[in-house]
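Me: I'd love to walk through this model with you. Could you take my questions as they come?

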Amino acid sequence: MKNEELKGIIDWYDFQKRYGFILTNEKKYFFHQDDLDSIEYKPKKNDEVIFFPIKTKKGLRAKRVKFVKQFINDNNTLKQFINDNNTYCRACKKKMTPRLVTYKGSPDKSFCPHCGKIHMTFFNFQKTIEITVIIIFFSLVLLYFFNK
Ligand SMILES: [Zn+2]
């Protein structure tokens, strides 16, 4: 088994017991506070992280857990993200973990780290509202000039 970095999401973390679990598309990885890459990082449920998976006698463990950025607070997006993890790129056909791009804290789209092609676009409520407002605004401006 090659020791490649994996992407996952914090399932839970107990600050008193100083351990928790990371979820990837199908597996759970144990991690201890000592496995965190930075002492400043305080794991929160649904945080996106990258880590090095190892096998121990007790099971799967995550090492060098690094916080990526984001906090996904909606269940559907989270499911979609987990299913989306470790898939094949439609453009270059390579196995890949899509990189996520967020817009104001919500997932916006994911792209292939090999070829950079967009893999998936998420529905983003805030962005949709903003675009709608812009369209209405320009329609009103146009209407105003046509009626002059
Ligand atoms: Zn690709």
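Me: Happy to have you along! Which strand gives the largest share of the largest nonpolar core?

Reply: Good place to begin, keeping in mind that this is a predicted model. The largest nonpolar core has 11 residues in all, including Ile-9, Tyr-13, Phe-31, Val-49 and Val-65. At least two residues of this core are supplied by each of strand 1, strand 3 (28-32), strand 4 (47-56) and strand 5 (59-71). The largest share, 3 residues, comes from strand 1.

Me: Let's stay with Ile-10. Which residues does Ile-10 touch, if those up to four places away in sequence are not counted?

Reply: Ile-10 is one of the residues that make up the largest nonpolar core. Among the residues Ile-10 touches, Ile-22 and Val-49 belong to that core too. With residues up to four places away in sequence left out, the full set is Gly-20, Ile-22, Pro-43, Lys-44, Lys-45, Asn-46, Asp-47 and Val-49.

Me: Now for helix 2. How far apart are its end C-alpha atoms, and what span should its residues cover?

Reply: Helix 2 covers residues 125-146, which is 22 residues. At 1.5 Å a residue they should span 32 Å. The end C-alpha atoms agree with that, being apart by 32 Å.

Me: And how many residues of helix 2 are buried?

Reply: A residue needs 20 or more other C-beta atoms within 10 Å of its own to be buried. Helix 2 lies largely in the open, because among its 22 residues the number buried is 0.

Me: Is Arg-18 buried or exposed?

Reply: Arg-18 sits in the loop between strand 1 (6-14) and strand 2 (19-23). Its phi is near 60°, a positive value in a residue other than glycine. The cut-off for exposed is 12 or fewer other C-beta atoms within 10 Å. Arg-18 has 12, so it counts as exposed.

Me: What is the phi of Lys-93 near?

Reply: Lys-93 is found in the loop between strand 6 (87-88) and strand 7 (95-96). It is exposed, with 10 other C-beta atoms within 10 Å. Its phi is positive, in a residue other than glycine, and lies near 65°.

Me: One last stop, Phe-111. What separates the C-alpha atoms of Phe-111 and Met-96?

Reply: Phe-111 lies in strand 9 (residues 106-111). It counts as partly exposed because it has 19 C-beta neighbours inside 10 Å. Its contacts beyond four places in sequence include Pro-98, Val-101 and Ile-118. Met-96 is 15 residues apart from Phe-111 along the chain, and their C-alpha atoms are separated by 9.6 Å.

Conventions. Residues numbered from 1 in each chain as written. Predicted model: local features only at pLDDT ≥ 70, side-chain atom pairs only at ≥ 80, totals over all residues. Helix = DSSP H or I, 4+ residues; strand = E, 2+ residues; numbered from the N terminus. Expected span 1.5 Å × (residues − 1). Core = buried A, V, L, I, M, F, W, Y, C linked by C-beta atoms within 7 Å. Contact = placed C-beta atoms within 7 Å.
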